[in-house]
Amino acid sequence: VELADGKRVLAELKPFETKPFQAFEPLPEFEPVPAGEGEFCNSFYRARFGADGFLSHLQTPAGRELVDSASPARFGAPVMQNDYGDSWLLYEGPIDGGSPAAAFEANRPDPLERESEADGLVNRKATYPAIESVEWFRAGGTLRVVQRGRLCFWRNRVEFTLTTECEKSSPLIRYKLSILPQGKHFRLRAAFPATVGKGMVAHEIPFGIQRRGHSEFPAHGFCDCADDGAGLTLLNRGIPGNNVDDNGVMLLSLFRAAAMEYKCESERSFNSGVPHTFEYAVMPRDGESLDLVAIPAELYVRPVHPVAAAPEEYDFSGFDLPGNVRVSALRESSGGIFLRFYEMLGKPAAFRLNPPKGLGMWRETDGLERPVSEPKPCPAELAMKPFEIRNLLLTK
C-alpha cells in the first residue's frame, strides 16, 4: 500500500480485518539506477523495457511473446484521438434525436486507428506521445520506470507522467498516469498492442464474465484476451471503457474533453487545466483459463482503503472460499452477519463454509436480506451453479 506521503508499507491483513497503517512493515524507499534499457524477470513473466521507458517485450513463463511490435502504438502508451462527439456520442456530433438509429449508437467498433474518408480531408489518425525524460528506480524487488512527456495536436496539449511498476512477488505490471489536459474535442486512451488480441475477448461484469466482440464495452474490473495457450488481462480501477480492436490492440478509455456546448452551457465538461490521475494494470499468463486472474484482479481492482478503526468482533481468518467464488457483501444485519457471494467464472463450485467463532447458525436469504429458509447449524455445505449468486445470514 502506498500512503499519501509516497511511503509504502506491506499490509498483512486477515479477511475483513482493519489495522492502523503504523502497524505495517515499511518497505524500502526507491533509489535511482542508471538510465537505459532494463530487464525484469519474475516467476510470472519476463519483461524488457526500451530506452524510451515503454515495454518492448513481455513474455509468459512458457516464452509466449505478448507485445505486438508491428503496431504503431508502444505497449502501454497513452494515445490522443480527435473526438468531436458529445456526452452521448463518440467522435461525431451532434446526435440526431429524431433518428431511430440514435438509440443504437453504443458498442460500435472503436479502433486505435480510424479510417480516413475517401478524400482524406479529415484527420482521423491517432497522436502518439513524445517522451521528454525517463527515470529508473529500484526498491528491493520492485522496478519503477517514470516517463514524462506530452501529447499534442495543434492547440490541444496533454502533459503527462506515466509510472510503470514491476514487482517480484506480483503477476501484475502496474501503471499510474497523471495528466494535465489543455484544450477540447479529444480523447485519451491507453494502448496495449497484444499478440493475443485477436482471440477470445472477455469482460468482467457484475457477478460474472461476459464474452464479447471487438468493440467498446464497459468492464467491471478487467478485460481479457486469450489465444493459442496464453492470455493478457487489462485491469482498471474505476475506468470502465474497455475495447479490443480488430488489430488486436487492447484499449482503455481514460479521458474525454467533450461537452454539450451546442445545447447548453457545459464549458467545464472539457476539464481543460484540471489534473487527473488514472490507475490500471496488465497481467500476462500461460493458458487461456481465467482461474489465475480472479484473485489478483480482485485485490487490485478493490484495494485496501483507509477506514475508521473498528473493533474485531469476529475472526474471519478461517473463512476460506474457492478462487472462483468471491464475496460482494459482508455486513452487520438484523440479528447477524449478512453475506453475499457469487461464482464468477462460469464453473460449478462445492465447498464448506466455516463461519467465525460465535456464529453458529446460517440460513438463506433473498437479496433484501429477508430469510427464505429455516436456520441450520454451521458449518454450511454449499454447492453453487455457474454464475450463481447466494445470500446467507449468519447468526449466533
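What follows is a friendly exchange about how the labels on this predicted model are earned.

Me: What makes Glu165 count as buried?
Reply: Buried means under 20% relative accessible area. Glu165 has 14% relative accessibility, so it counts as buried. This residue lies in strand β10, residues 156-167.

Me: Which residues does Glu165 touch, leaving out those up to four places away in sequence?
Reply: Its neighbours are Phe30, Thr142, Leu143, Arg144, Leu172, Ile173 and Arg174.

Me: Why is the meeting of the Glu165 and Arg144 side chains called a polar contact?
Reply: A polar contact needs a pair of N or O atoms within 3.5 Å, one able to donate a hydrogen and the other to accept it. The two side chains make their contact at 2.4 Å, so the distance satisfies that limit.

Me: Why is the pair Arg46 and Glu39 called a salt bridge?
Reply: The cut-off is a side-chain nitrogen of Lys or Arg within 4 Å of a carboxyl oxygen of Asp or Glu. Arg46 and Glu39 meet at 4.0 Å, N to O, and are therefore listed as a salt bridge. A search of the whole structure finds 25 salt bridges.

Me: How do you know whether Arg46 and Glu39 are buried or exposed?
Reply: Partly exposed is the label between the buried limit of 20% and the exposed limit of 50%. Arg46 has 41% relative accessibility, so it counts as partly exposed. Glu39, at 44%, also counts as partly exposed.

Me: What makes Arg302 and Glu204 a salt bridge, and where do they lie?
Reply: Their side chains meet at 3.5 Å, N to O, and the limit is 4 Å, so the pair qualifies. The pair links distant parts of the chain, 98 residues apart. Arg302 is in the loop between α1 (294-301) and β21, while Glu204 is in strand β13, residues 200-205.

Me: Which labels do Arg302 and Glu204 get for accessibility?
Reply: Arg302 has 37% relative accessibility and so counts as partly exposed. Glu204 has a relative accessible area of 2%, which means it is buried.

Me: How do you know that Asp224 and Arg285 form a salt bridge?
Reply: The closest N and O atoms are 2.7 Å apart, and the limit is 4 Å, so this pair qualifies too. Asp224 sits in strand β16 (residues 222-227) and Arg285 in strand β20, 61 residues apart, so the pair links distant parts of the chain. Both Asp224 and Arg285 are buried.

Me: Which residues are joined into one network by salt bridges that share partners?
Reply: The network joins Asp110, Arg114, Arg187, Arg189 and Glu216.

Me: Why are β11 and β20 said to pair?
Reply: Two strands pair if DSSP finds at least two bridges between them. Seven bridges join β11 (residues 173-182) to β20 (residues 276-286), so they pair, and they run antiparallel. In β20, Ser178 has Thr277 as its bridge partner. Strand β17 (residues 230-236) also pairs with β20 in the antiparallel sense, over seven bridges. There, the partner of Ala230 is Asp286.

Me: What makes β21 and β25 edge strands?
Reply: Each pairs on one side only. They belong to an open sheet of five strands in the order β21-β22-β27-β24-β25, with antiparallel pairing. Within this sheet, four bridges join β24 (residues 361-364) to β27 (residues 389-395). Glu364 has Leu392 as its bridge partner in β27.

Me: How do you know that the bond between Cys378 and Pro379 is cis?
Reply: Omega is about 5° for that peptide bond, and the bond is cis. Pro379 sits in the loop between β25 and β26 (380-384).

Me: What makes Phe207 and Glu369 worth a look?
Reply: Most residues other than glycine have a negative phi. Phe207 has a positive phi of about 70° although it is not a glycine, and Glu369 likewise has a positive phi of about 70° without being a glycine. Phe207 lies in the loop between β13 and β14 (208-212), and Glu369 in the loop between β24 and β25.

Me: Why are Phe207 and Glu369 called partly exposed?
Reply: Phe207 has a relative accessible area of 30%, so it is partly exposed. Glu369, at 21%, is over the buried limit of 20% and therefore counts as partly exposed.

Definitions and conventions: Residues are numbered from 1 along each chain as its sequence is written. This is a predicted model: local features need pLDDT of at least 70, side-chain atom pairs count only at pLDDT 80 or more; totals for chains, interfaces and linings use all residues. Side-chain values use heavy atoms; hydrogens and water are left out. Helices (H or I, at least four residues) and strands (E, at least two) are DSSP runs, numbered from the N terminus. Buried means under 20% relative accessible area, exposed over 50%, partly exposed in between (1.4 Å probe, protein chains only). Contact means heavy atoms within 4.5 Å.
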